[in-house]
Amino acid sequence: MFKRSFASKDRAGKSVRPSKRSFREQQKLKLQQKLDSPPVGSTLTSPIITLVVGREPRIFAAHEDVLSLSPFFTAALKGQFYESASKRVALPDEDPQIFSCILEYLYKGDYYPRLLYNKRRVSFELEDAQDLQSLAGRGSVESTVELSGAGGALLKDTVIYCAAERYGLDELKRLALRKQGLQSGITVDVILRSARFAYENTPDSDSKLRAHYLALIIRSRKTFKRSGTFQMEMEIGGSKLFFDLFVAMCNHVDDIVDMGKSPKTI
């Protein structure tokens, strides 16, 4: 799972070489290719499924073929969550705000704020993000969400990544991680709370989101070692996060030592 010093594509915030198409356009093209040949009928004429989401239910509606892009919903439409007579799916444990993003992605290939390519800066950025010189700073657009029982704000893209894990949407996981890499100015308590959430809602085999948080903490170690919040979290423990962080830090130190031992080439 661990790559020494995280010198890989999983590194948070690493610059990305621009492609001819924007990330969003690529996502829309892939989804459209799937929708162009649905199993039965067309997307616009497939049955409408009602989705009852949350403990205080909110009602959503979506085409069956669109939902079937997710392996989770393909199974759910045949399983215990589906009321065939009324064409309803109950998702009592899902957050309506997050589910709205999932549906937006299934229909459009992205969710707000969208990932856009800035030709002038030759880089990707988030839709409606504030200019770097403004007081708010980059990443101020809906960067966090409040979930019941979470104990405070969580990074929205982390929650969406975990939802994408449940729904079997690997492309959405990549998109959410890419967007999170564009966020900055996030407080230590939000990062640690989100990291705990990530560990609680991803399998141990996850090598992307978990590694993202480990790399983030290592790169920002000067801030974290002065943080009373981080100290308190470590003393409380109860999460695999801190052992993984210890292993990652050891790998990072080993890399530095190995570099010092490497013979100089002429």
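1. Helices here are DSSP runs of H or I with at least four residues, numbered from the N terminus. This is a predicted model, in which local features need pLDDT of at least 70, side-chain atom pairs count only at pLDDT 80 or more, and totals for chains, interfaces and linings use all residues. Residues are numbered from 1 along each chain as its sequence is written, and side-chain values use heavy atoms, with hydrogens and water left out.

2. Helix α6 (residues 170–180) is a nice place to start: D170 and K173 both lie in it, three residues apart, about one turn of the helix. They form a salt bridge (a side-chain nitrogen of Lys or Arg within 4 Å of a carboxyl oxygen of Asp or Glu), with closest N and O atoms 3.9 Å apart. D170 is partly exposed at 45% relative accessibility, while K173 is buried at 15%. Buried means under 20% relative accessible area, exposed over 50%, and partly exposed in between (1.4 Å probe, protein chains only).

3. Do look at R174 and E171 as well: their side chains meet in a salt bridge at 2.7 Å, N to O. These two are also three residues apart in helix α6, about one helical turn. R174 is partly exposed at 47% relative accessibility, and E171 is partly exposed at 22%. Salt bridges that share partners join E165, D170 and K173 into one network. Within that network, E165 pairs with K173 at 2.7 Å between the closest N and O atoms.

4. Helix α7 (residues 188–200) has end C-alpha atoms 18 Å apart, in agreement with the span expected for its 13 residues at 1.5 Å a residue, taken as 1.5 Å times one less than the number of residues. Of those 13 residues, 11 are buried, including R193 and R196.
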